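Here is a short round of questions and answers for a first look. Keep the view open as you read.

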Amino acid sequence: MSSGHEDREAPVGIDELLDRVRAGYERIGPEEAAAAAAEGALLVDIRYAALREEDGLIPGALVVERNELEWRLDPQGSHRAPQAVSHDLRVVVICNEGYASSLAVASLRQLGLHRATDLTGGFQAWRAAGLPVIV
C-alpha cells in the first residue's frame, strides 16, 4: 500500500529556496537600481506600511503591498497598475532587507515579467548608499 508520499520532493529550507530562486536571475545593488530607474525601470516597494512610515520612501517608487504584487504588475490582469504595460517592463522589487523581494521576483517571473529583479539589501541598502529617501 502506497502512502502517497514517495513522489514528493524533499522539503527545502528557506535559505536553499532563496539560493535556488536567486540563481535564476541577476540581482542588483542600490546604485544599479537608481540607474535602472533613471533609464525607465519601475522600482516597486513591497514593504508594509509601518516600515514605510518609519523609514521613508524612495522617490518615484510604486508602492504595492506584497499580497497585491502579482495582481498589480500582471500586464494582462484586470487590477494592474497603470505602469504594468508589458512583460518586457524592467521591474526592481524592493523589500526591507532583500529577502522577501527575491521570492516576489520568482513569482513575477512566473507571470512572464522576465526582466524582474530585486535590490540586494533592500531599502536599507538604498538608504545606506546615501540615495534619495522621502521621510
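**A first tour in questions**

Q: Where is V12 found?
A: The model shown is predicted. Helix α1 spans 14–22. V12 is found in the segment before α1.

Q: Is V12 buried, partly exposed or exposed?
A: The relative accessible area of V12 is 32%. Buried means under 20% and exposed means over 50%, with partly exposed in between. So V12 is partly exposed.

Q: Which residues make the nonpolar surface patch of about 280 Å²?
A: V12 belongs to this patch. Its partners there are I14, L17 and L103. The full list is V12, I14, L17 and L103.

Q: How many helices and strands does the chain have?
A: Along the sequence, the pattern reads α-α-β-α-β-α-β-α-β-α. The secondary structure comes to six helices and four strands.

Q: What share of the residues of the chain count as buried?
A: The chain has 135 residues. Its C-alpha atoms fill a box of roughly 60 × 35 × 25 Å along the principal axes. The share of residues that count as buried is 42%.

Q: How far apart in sequence are R20 and E16, which both lie in helix α1?
A: R20 forms a salt bridge with E16, with the closest N and O atoms 2.6 Å apart. R20 is partly exposed at 46% relative accessibility. E16 is partly exposed too, at 40%. Both lie in helix α1, and the spacing is about one turn of the helix, or four residues.

Q: Which residue forms a salt bridge with R47?
A: R47 is buried, and so is its partner. The closest N and O atoms of the pair are 2.6 Å apart. The partner is D45.

Q: Over the face of which residue does R47 lie?
A: R47 also has a ring contact to look at. The distance to the ring centre is 3.9 Å. The ring belongs to F123.

Q: How many aromatic pairs does a search of the whole structure find?
A: Two rings pair if their centres lie within 6.5 Å. The search for such pairs covers the whole structure. The number found is zero.

Q: How many residues apart in sequence are the parts tied together by E65 and R52?
A: E65 forms a salt bridge with R52, the closest N and O atoms being 3.2 Å apart. E65 lies in the loop between β2 (62–63) and α4 (69–73), and R52 in helix α3 (residues 49–55), so the pair ties together parts whose separation is 13 residues.

Q: Is R52 buried or exposed?
A: Its salt-bridge partner E65 is partly exposed, with a relative accessible area of 26%. For R52 the value is 16%. Buried means under 20%, so R52 is buried.

Q: Which side chain is joined to that of N96 by a polar contact?
A: N96 sits in the loop between β3 (91–94) and α5 (100–110). At 18% relative accessibility, N96 counts as buried. The contact spans 2.9 Å, and the partner is Q124.

Q: With which side chain does D118 make a polar contact?
A: D118 is found in strand β4 (residues 117–118). Its relative accessible area is 0%, so D118 is buried. The contact is 2.9 Å, and the partner side chain is that of S102.

Methods. Residues are numbered from 1 along each chain as its sequence is written. This is a predicted model: local features need pLDDT of at least 70, side-chain atom pairs count only at pLDDT 80 or more; totals for chains, interfaces and linings use all residues. Side-chain values use heavy atoms; hydrogens and water are left out. Rings of Phe, Tyr and Trp (its six-membered ring) pair if their centres lie within 6.5 Å; planes under 30 degrees apart count as stacked, over 60 as edge-to-face and the rest as tilted. A charge sits over a ring if NZ of Lys or CZ of Arg is within 6 Å of the ring centre and within 35 degrees of the ring normal. Patches are made of residues with over 30% relative accessible area and no salt bridge: like charges are joined within 9 Å, nonpolar side chains (Val, Leu, Ile, Met, Phe, Trp, Tyr) within 5 Å. Accessible areas come from the Shrake-Rupley method with a 1.4 Å probe; for residues, only the protein chains shown count as cover. A salt bridge is a side-chain nitrogen of Lys or Arg within 4 Å of a carboxyl oxygen of Asp or Glu. Helices (H or I, at least four residues) and strands (E, at least two) are DSSP runs, numbered from the N terminus. Buried means under 20% relative accessible area, exposed over 50%, partly exposed in between (1.4 Å probe, protein chains only). A polar contact is a pair of N or O atoms within 3.5 Å; within protein, one must be able to donate a hydrogen and the other to accept it, and residues adjacent in sequence count only if both atoms are side-chain atoms.
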